[in-house]
Amino acid sequence: TDKYAVFGNPIAQSKSPFIHTDFAAQTQQNLSYEAILAGVDQFPQSLRLFFGQGGKGANVTAPFKQQAFELCDELSELAQLSGAVNTLIKLADGRIRGDNTDGVGLVTDVEAHFGELTHKRVLLVGAGGAARGCLKPLLDAGAKVTLCNRTFTKAQALAAIFADIGDVNACEIAQLSQPFDVVINSTSAGLAGELITLPSEIINAQTHCYDMTYSAQTTLFNQWAGAQGAKSVADGLGMLVGQAAQSFYVWRGVKPNMSDTMAQLRLQMA
Ligand code: ATR
């Protein structure tokens with residue numbers, strides 16, 4: 001049995017053990033997957049122990065994604081650009097390779113809900129780690145991305161990093177005056193029960209809205225989007241399953257089916 005795990009703090013809430021165990025059963029892969037709580041200062045030690053005891057790969061969640069990025073021996077291009085790692089792979093020679101599957105998970109789910117992103121005008125709200133991890137996959141999908149953020153300078157800095165990869169610009173929230181095809185919320189505001197203030201002009205009856213966070217009830221951001229007349233809204237549960245599916249593929253070379261796992265998770269949350 002090949003050993004995998006997810007590291008985080010806190011970690012008890014993680015749905016990754018359920019998701020990967022479900023993927024493994026579905027694809028008949030012989031693996032185990034556990035949740036490991038690492039002390040805030042103990043992540044490198046905890047990881048070393050896991051790989052020393054035969055671990056094949058791991059996921060990393062908050063607050064360790066930047067630290068994981070720093071301690072990898074090798075990085076995928078996506079991980080490099082993201083400045084964060086959510087997937088670790090132990091290579092045959094023992095070195096640790098870091099990847100970031102969050103953005104692929106997001107784009108897969110956004111396109112499943114709203115259709116292809118090619119030439120679509122996308123507003124990405126927020127300029128933290130979550131936004132950064134998704135920019136390359138969004139641009140690779142052909143989206144024309146506008147970045148906005150409470151702290152505008154951070155949106156500008158991100159746009160500059162990705163300027164060579166695709167069509168990306170930054171805009172002050174107060175200057176946003178046109179509707180977008182897709183609006184994606186990557187801020188952590190909702191987790192604190194807060195809502196970022198955005199002009200209602202960014203949404204019309206054609207606009208699809210996506211919140212990277214998820215909950216049993218409609219998220220605050222999606223409630224707001226619905227009230228502005230958005231065509232449809234989706235939350236980030238599918239992104240969670242999508243990044244897991246991409247990690248599973250990186251490790252096992254097999255693509256699991258996501259819809260059945262999603263349906264089970266949605267039921268568990270209800
Ligand atoms: P993550 O890894 O989840 O992206 P992060 O790197 O801390 O976390 O970034 C959090 C993002 O949410 C930032 O864009 C932050 O805006 P600032 O750059 O201005 O701090 C945004 N954010 C968090 N709380 C917010 C709030 N109450 N209103 C608006 N934006 C908020």
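Start by selecting helix α3, residues 65-71: Lys-65 sits in this helix. Keep in mind that you are looking at a predicted model. The UniProt record, an unreviewed entry, lists Lys-65 under "active site". Is Lys-65 buried or exposed? Lys-65 counts as buried, because 25 C-beta neighbours fall inside 10 Å and 20 are enough for that label. Now show its contacts beyond four places in sequence: Val-60, Ala-84, Val-85, Asn-86 and Gly-129.

Keep Asn-86 on screen and add the other positions that UniProt gives as "binding site", again from an unreviewed entry: Ser-14, Lys-15, Ser-16, Thr-61, Asp-102, Tyr-214 and Gln-243 go with Asn-86. Two of these are worth a stop.

Go to Thr-61 first, in the loop between β3 and α3. Thr-61 is partly exposed, since 18 other C-beta atoms lie within 10 Å. Leaving out residues up to four places away in sequence, Thr-61 touches Val-6, Gly-8, Ser-14 and Asn-86, and both Ser-14 and Asn-86 are on the UniProt "binding site" list.

Next, pick Gln-243 in helix α9. Gln-243 is buried, because it has 26 C-beta neighbours inside 10 Å. Its contacts beyond four places in sequence are Asn-86, Thr-101, Asp-102, Val-104 and Gly-105.

Now colour by domain. Domain 1 takes in 2-100 + 238-269, while domain 2 runs over 103-235. Over C-alpha atoms, the two centres are 25 Å apart. Where they meet, 14 residues of domain 1 are in contact with 15 residues of domain 2. On the domain 1 side, the elements that supply two or more residues are α4 (77-82) and α9 (237-252). Which of them gives the most? That is α9, with six residues. By type, this side of domain 1 splits into six nonpolar, seven polar and one charged.

Time for the ligand. Select the residues around it and you should have 16, the closest being Gly-128, Gly-129, Arg-150, Thr-151 and Thr-187. You have met Gly-129 already, as a contact of Lys-65. Helix α6 (residues 129-140) gives the most to this shell, with three residues. Sorted by type, the shell holds five nonpolar, eight polar and three charged residues.

For some strands, select β3 (residues 55-60) and β5 (residues 87-90), which pair in the antiparallel sense over three bridges. Label Asn-59 and you'll find it opposite Thr-87 in β5. Then add β6 (residues 96-99), an antiparallel partner of β5 over four bridges. Here Ile-89 stands opposite Arg-97. Zoom in on the hairpin of β5 and β6: five residues lie between the strands, and Gly-94 takes a positive phi near 95 degrees.

Last stop: Phe-180, in the loop between β9 (168-170) and β10 (182-185). Phe-180 is buried, because 23 other C-beta atoms lie within 10 Å. Which residues does Phe-180 touch, not counting those up to four places away in sequence? Show Arg-121, Val-122, Leu-123, Ile-202 and Thr-207. To finish, draw a distance from Phe-180 to Ser-76: these residues are 104 apart along the chain, and their C-alpha atoms are separated by 31 Å.

Technical notes
Residues are numbered from 1 along each chain as its sequence is written. This is a predicted model: local features need pLDDT of at least 70, side-chain atom pairs count only at pLDDT 80 or more; totals for chains, interfaces and linings use all residues. A residue is buried if 20 or more other C-beta atoms lie within 10 Å of its own, exposed if 12 or fewer, and partly exposed in between; C-beta atoms are placed from the backbone. Two residues are in contact if their C-beta atoms, placed from the backbone, lie within 7 Å. Two strands pair if DSSP finds at least two bridges between them. A residue is near a molecule or strand if its C-beta atom, placed from the backbone, lies within 6 Å of it. Ala, Val, Leu, Ile, Met, Phe, Trp, Tyr, Cys and Pro count as nonpolar, Asp, Glu, Lys and Arg as charged, and the others, Gly among them, as polar. Domain bounds come from an automatic or database domain assignment. UniProt positions are given in the numbering used here, feature names are shortened, and annotations may be inferred rather than shown by experiment.
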